[in-house]
Amino acid sequence: SDVNGTVAVGFGWRTRGLMEIGLDVGLGFGTTWSPQAQADQSALDILAQPRVLAHWFERPGWGIYSGVGGDAVFYDLEPEGLNQASVGPTAIIGVLWRTGPHSLLFLEAGFGGQFDFLAYRFEDPTAEELAEDPTLTRKKITGAWFPFGRISVGYRLTALGG
C-alpha cells in the first residue's frame with residue numbers, strides 16, 4: 001500500500017486533568033497493485049485505535065498532546081479482497097484546535113510497529129537442513145512485523161469529566 005492520509009473520527013472521555021481515554025476510527029485512501037490490470041488501483045484502509053492521551057500543553061483554543069494506543073488496521077480493501085490485516089502498538093503526538101467545549105479538530109502523527117497476519121514469504125532450506133534431509137522444500141512463513149508512520153487529520157468528540 002502507498003503512503004496516504006487518514007480521515008478519522010474520535011470519541012473519548014477527558015478528565016478535568018491531563019488524561020483522555022478514547023477510540024478513533026478512520027478511513028485511509030490508498031492504492032494497491034492489481035495483477036489483472038497490471039496497474040495501481042484505488043483501495044481503502046480501515047483503522048481502529050484505542051488510546052490514552054496526556055494533554056500536556058493547553059491554551060484556550062488549542063493544545064498539544066501525546067500518548068500511546070493500539071492499532072487494528074485492515075489495508076487495501078478492494079473488490080478482490082483484503083491484502084493486509086495488522087495490529088500493534090502506536091506512539092502518538094498531535095496538535096488540536098477546539099471547535100467547542102466538547103469537540104475539536106486534530107492533526108496527529110502516529111508511529112509504531114504492526115504485526116501483519118496475512119503477510120507471508122517463502123524460505124528455502126539451508127545447506128545444513130538439506131544435508132540432514134535432502135527431500136526438504138521451500139516452506140511458507142506467515143506473519144511479519146513492520147514499522148509504520150501515519151499522519152491523521154480528524155474531528156473528535158470529547159466529554160469533559162467531572
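So, strands E5 and E6 make a hairpin, and there are two residues between them. Keep in mind that this is a predicted model. The two strands run antiparallel, and twelve bridges hold the pairing of E5 with E6. E5 covers residues 84-100, and E6 goes from 103 to 123.

Okay, let's pick one residue on that hairpin: Trp97. Trp97 sits in E5, and across in E6 its bridge partner is Leu105. Is Trp97 buried or exposed? Well, partly exposed, because its relative accessible area is 40%. That value also clears the cut-off for patch members, which is over 30%.

And Trp97 does turn up in a patch. We have a nonpolar surface patch of about 1000 Å², and both Trp97 and its partner Leu105 belong to it. The others are Val9, Phe11, Leu23, Val25, Trp62, Leu107, Ile151, Val153, Tyr155 and Leu157.

Which strands supply at least two residues each to that patch? Those would be E1, residues 6-14, E2, residues 19-34, our E6, and E7, residues 139-160. E7 gives the largest share, with four residues.

Now for the buried side of things. The largest nonpolar core is made of seven residues, namely Ala8, Leu53, Tyr65, Ile92, Leu96, Leu104 and Phe106. Our two hairpin strands are in on this one too: E5 and E6 each supply at least two of the core residues.

Look at the numbering for a second. Leu96 is in the core, and Trp97 is in the surface patch. Over on the other strand, Leu104 and Phe106 go to the core, while Leu105 and Leu107 go to the patch.

How values were computed
Residues numbered from 1 in each chain as written. Predicted model: local features only at pLDDT ≥ 70, side-chain atom pairs only at ≥ 80, totals over all residues. Heavy atoms only, no water. Patch = residues over 30% accessible without salt bridge, like charges linked within 9 Å, V, L, I, M, F, W, Y side chains within 5 Å. Areas by Shrake-Rupley, 256 points an atom, 1.4 Å probe, with all protein chains shown as cover. Salt bridge = Lys/Arg side-chain N within 4 Å of Asp/Glu carboxyl O. Buried < 20%, exposed > 50% of the residue type's maximum accessible area, 1.4 Å probe, protein only. Pairing = 2+ DSSP bridges. Core = buried A, V, L, I, M, F, W, Y, C linked by side-chain atoms within 4.5 Å.
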